[in-house]
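Me: Got a minute to go through this fold with me? I'd like to start with how the helices pack.

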Amino acid sequence: MPTIEELPILDKEKAIEYLGDESLFFSMMESFEDITMRKNLIDLKIAIEELDYPSIRAYSHSLKGAASYLGADRVYRAAEILQFDIEKQKTENIFDDYATLIHQCIMLKRKIRSELCIKARIPFRYDETDFNVPLSKDFKLLINPAGDFEIKLFKKPRLSKTDLPMRKSDYDEQLLSTKEQVSPIIDLSLIHISEPTRPERISYAVFCLKKK
C-alpha cells in the first residue's frame with residue numbers, strides 16, 4: 001500500500017470520471033472546503049480535546065467518505081488511519097494521526113484554491129488563508145517564511161485507561177443488539193449505511209428501517 005505522501009492530493013480525473021460532470025466536481029470542491037471539511041474539523045477538534053473516542057471515529061469516518069467523492073486521496077487515507085486506530089484501540093497513535101490529517105487538509109485547501117485559480121485564469125499564491133483550519137488547543141501550527149509548515153503537539157492530554165474506544169466488533173455487536181430489540185416488536189430490519197449513498201454537499205452516515 002502506498003504511503004500518504006505517495007498518493008495524489010487531489011485526483012481530479014478520477015473524481016470527474018466518478019461524478020460524470022466537471023462542473024459538479026468544481027461545485028463540490030468549493031462546498032467541501034467551505035462546508036464539509038470545516039464542519040468536520042470543528043467537530044473533530046472538540047472530540048480530540050475531550051478524548052471523545054466514538055466522536056473521533058464518527059467525524060474521521062464522515063470526512064473520509066466525503067473525501068472519497070472528491071478524489072482527495074491523502075485526506076481519505078489520513079482519516080482512514082485515524083478511524084482505524086480508534087477501532088483497534090491504538091489510542092497512543094491518535095495525536096500523530098490527527099496532526100497528519102490536519103496537515104493533509106491544509107495541503108488539500110491549497111490544491112483546491114490552486115484549481116479554482118486555474119479555472120478562473122488568475123494567479124495563484126500561497127497566503128495565510130491556507131492555514132485557516134480548526135485546530136485543537138493542544139497543537140500548534142508552525143509556518144516558515146517559505147510557506148512550509150508542520151503541526152506540532154505541545155501538550156499531550158492524558159489518555160484515559162478506563163475509557164477506551166469501542167472496537168469495530170463492538171460497534172457491530174451494538175448494531176446487532178439494536179436490531180434484535182427492535183425487530184420482534186415491530187418486525188423491522190435495521191440497515192446500516194456507513195458511507196454516503198450519493199454525492200451531497202455534506203456527507204453523513206444514516207440508519208434506515210424497513211419492513212421485512
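Reply: Sure. One cut-off to begin with: helix axes at an angle over 145 degrees count as roughly antiparallel. Also, this is a predicted model.

Me: OK. At what angle do H2 and H3 pack?

Reply: About 170°, with the axes 9 Å apart. H2 covers residues 22-50 and H3 covers residues 53-70. That angle is over 145 degrees, so H2 and H3 are roughly antiparallel to each other.

Me: Left-handed or right-handed crossing for H2 and H3?

Reply: H2 passes H3 in a left-handed crossing.

Me: Which residues make the contact?

Reply: From H2, they include Phe25, Met28, Met29, Phe32, Leu44, Ala47 and Ile48. From H3, they include Ile56, Tyr59, Leu63, Ala66 and Leu70.

Me: How many of the contact residues of H2 with H3 are nonpolar, polar and charged?

Reply: The split is 16 nonpolar, four polar and one charged.

Me: Switching partner. How do the axes of H3 and H5 cross?

Reply: At roughly 30°, and they come within 13 Å. H5 is residues 94-120. Angles under 35 degrees count as roughly parallel, so H3 and H5 are roughly parallel to each other. H3 passes H5 in a left-handed crossing.

Me: And which side chains are in that contact?

Reply: H3 gives Tyr53, Ile56, Leu63 and Leu70. H5 gives Ile94, Leu101, Cys105 and Ile112. The contact divides into eight nonpolar, no polar and no charged residues.

Me: Now the core. How many residues does the largest nonpolar core have?

Reply: It has 45 residues. Those with the most contacts inside it are Phe32, Ile56, Leu101 and Leu108.

Me: Which elements supply at least two residues of this core?

Reply: Helices H1 (12-19), H2, H3, H4 (73-87) and H5, plus strand E2 (149-153). As background, nonpolar side chains tend to be buried together in soluble globular proteins.

Me: Ile56 keeps coming up. What is Ile56 in contact with?

Reply: Leaving aside neighbours within four places in sequence, Ile56 is in contact with Leu44, Ala47, Ile48, Leu82, Ile86 and Ile94. Leu44, Ala47 and Ile48 are also among the H2 residues in the contact with H3.

Me: Last one, Glu115 in H5. Buried or exposed?

Reply: Buried. Glu115 has 10% relative accessibility, and buried means under 20%.

Me: What does Glu115 touch?

Reply: Not counting residues up to four places away in sequence, Glu115 touches Leu10, Lys12, Phe26 and Met29. Met29 is also one of the H2 residues in the contact with H3.

How values were computed. Residues are numbered from 1 along each chain as its sequence is written. This is a predicted model: local features need pLDDT of at least 70, side-chain atom pairs count only at pLDDT 80 or more; totals for chains, interfaces and linings use all residues. Side-chain values use heavy atoms; hydrogens and water are left out. Axes are lines fitted to C-alpha atoms, for helices over the stretch in contact, and angles run from 0 to 180 degrees between N-to-C directions. Helices (H or I, at least four residues) and strands (E, at least two) are DSSP runs, numbered from the N terminus. Angles under 35 degrees count as roughly parallel, over 145 as roughly antiparallel, 65 to 115 as roughly perpendicular and the rest as oblique. A crossing is left-handed if the near helix is turned anticlockwise from the far one by less than a right angle, and right-handed if clockwise. Contact means heavy atoms within 4.5 Å. Ala, Val, Leu, Ile, Met, Phe, Trp, Tyr, Cys and Pro count as nonpolar, Asp, Glu, Lys and Arg as charged, and the others, Gly among them, as polar. A nonpolar core is a set of buried Ala, Val, Leu, Ile, Met, Phe, Trp, Tyr and Cys residues joined through side-chain atoms within 4.5 Å. Buried means under 20% relative accessible area, exposed over 50%, partly exposed in between (1.4 Å probe, protein chains only).
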